Amino acid sequence: MKKDKSKSNSNDGNQMSAPKSKAASFHLLSNEKWQPITIPLFSILLSLIAASIVILLIGKNPLGAFYNLLQGAGILPKPSYAGYKGILTDFLSLLNAMTPLLFASLAVAVAYKAGLFNIGVSGMMLAAGFSATVIIGYSRLNSFLAKPFVLLIGIIVGAIMGAFVGWLKYKFNINEVVSTIMLNNIAQYVFGFFINMYFIDPVSRQSRYILDNSRLTLVNVEYGGLKMDIPLGFILAIAVAVFIKFFMDKTVLGYEIQTVGANRNAAKYAGINVGKNIVLAMVISGALAGLAGVTFYLGYFSSIQPKVLSSVGYDAIAVSLLGNSNPVGIIFSSLLISIISKGSTYMSSIAGIDQDIASVITGTILLFSACGEYIKYKIKRSKDKQLERKGEEA
């Protein structure tokens, strides 16, 4: 009898611990203060579980695959390296790829805060990259002048395109999704025409390579027996993310932009100039997209493929959602997506997993990240039901 009692007690304890752990998890997810962190992390966890199932189905070890992924991205060391290469060179290459994605994701986030959906980041990137390439990229201007001018041109061109989209929205109520998609197509074919006519490289069939004096990445810098590519725009991207966070949370203009995004009618009733803030948000978004363009076409790369839009602008939409449109969250979400993108080739060669599986992993992460608002809704609904039950019991 004693043995039976002890068994029953242990079973009761296990049954009680399970609801407690579930309750603790639910409480953590339902805490609105921590939701900007917990929900994206929960989304990533779900996506990694889904990706692990896919890897298991093809007969591979998920843990080994993820380990190889981190090795390829420069987070963990490889068993061996080619000449002049090391973990530091791989990590700097990761940061180089991450820089334009971070700028582009911030561009999407600023527009989203104002209730706008900027799907034209890729077109703005191309316009800024092409303009900076033609004006500065082929010139013999001193490096200390050329690089700041490249950034300035990117900001100006992107801001002009963003202002145009904002003006169309304010003046004629033209949906920004439609106008930005049209601008993407215009930029893709107009700049592609000029590249093919005047700036084409007959060998690579891309635009002629820019000179090193205007490139925003220092290429093949020798240090400690290594040859590294140093992304000059990365520090700027982090600084801009911090500034955007401060601007949105601590300034009057940032508060007005977010108020307009939350409820335009209420903002207008409160005396906020809705039209001005729509245009301002798109100017800032466009300027950030311009910075993404110059760090991509004159940093990570040094030429432009004609009639092709970069996927960075589209990836940035999901990265921004994964980061909860919070600049700090976007830093980490862009790092995560860059790790998967950069590490996929090495994972494919070492683990014997098709490189397309990396796209599946990225896709599942972005898919679950897009469900963040739905997860919030379900948690809130469940919380409301619990409160109703407590009220009925009382």
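In this report, Ala, Val, Leu, Ile, Met, Phe, Trp, Tyr, Cys and Pro count as nonpolar, Asp, Glu, Lys and Arg as charged, and the others, Gly among them, as polar. Keep that in mind as we look at the spaces in this structure, which is a predicted model.

**The cavity**

Let's begin with the enclosed space. The count comes to 1 cavity of 30 Å³ or more, and the largest cavity has a volume of about 30 Å³. Its lining includes Asn-96, Thr-99, Thr-295, Gly-299 and Tyr-300. Leu-216, Thr-217, Pro-231, Leu-232 and Gly-233 also belong to that lining. Sorted by class, the lining of the largest cavity has 4 nonpolar and 6 polar residues, with no charged ones. Which helix gives the most to this lining? Helix α11 does, with 3 residues. Both α4 and α11 supply at least two residues each.

**The second largest pocket**

Now for an open space. The second largest pocket holds about 490 Å³, and 20 residues line it. Closest to the centre of this pocket are Tyr-300, Ser-311, Val-312, Asp-315 and Ser-341. You have already met Tyr-300 in the lining of the largest cavity. Five helices, α4 (87–113), α11 (274–300), α12 (312–322), α13 (327–351) and α14 (356–370), each supply at least two residues of the pocket lining. Helix α13 gives the most, with 6 residues.

Here are the two linings side by side:

| Space | Volume | Nonpolar | Polar | Charged |
|---|---|---|---|---|
| Largest cavity | about 30 Å³ | 4 residues | 6 residues | no residues |
| Second largest pocket | about 490 Å³ | 10 residues | 8 residues | 2 residues |

**A hairpin of two strands**

Next, find strand β1 (residues 217–223) and strand β2 (residues 226–231). These strands run antiparallel and are joined by 5 bridges. In one of the pairings, Leu-218 has Ile-230 in β2 as its bridge partner. Together, β1 and β2 form a hairpin with 2 residues between them. Gly-224, in the turn, has a positive phi of about 60°. As you trace the strands, remember a handy rule: in a regular strand the side chains alternate between the two faces of the sheet.

**Two helices that cross**

Finally, turn to helix α5 (residues 121–137) and its packing against α12. Their axes lie 7 Å apart, at an angle of about 135°. Why is α5 called oblique to α12? The angle of about 135° falls between the range for roughly perpendicular, 65 to 115 degrees, and the cut-off for roughly antiparallel, over 145, so α5 is oblique to α12. The crossing of α5 and α12 is right-handed.

Key
Residues numbered from 1 in each chain as written. Predicted model: local features only at pLDDT ≥ 70, side-chain atom pairs only at ≥ 80, totals over all residues. Heavy atoms only, no water. 1 Å grid on protein atoms, 1.4 Å probe; cavity = no way out; pocket = protein on both sides within 12 Å on 5 of 7 lines; lining within 4 Å. Points joined across faces, edges and corners; volume = space filled by probe spheres on them. Helix = DSSP H or I, 4+ residues; strand = E, 2+ residues; numbered from the N terminus. Pairing = 2+ DSSP bridges. Axes fitted to C-alpha atoms, helices over the stretch in contact; angles between N-to-C directions. Parallel < 35°, antiparallel > 145°, perpendicular 65-115°, else oblique. Left-handed = near helix turned anticlockwise from the far one by under 90°.
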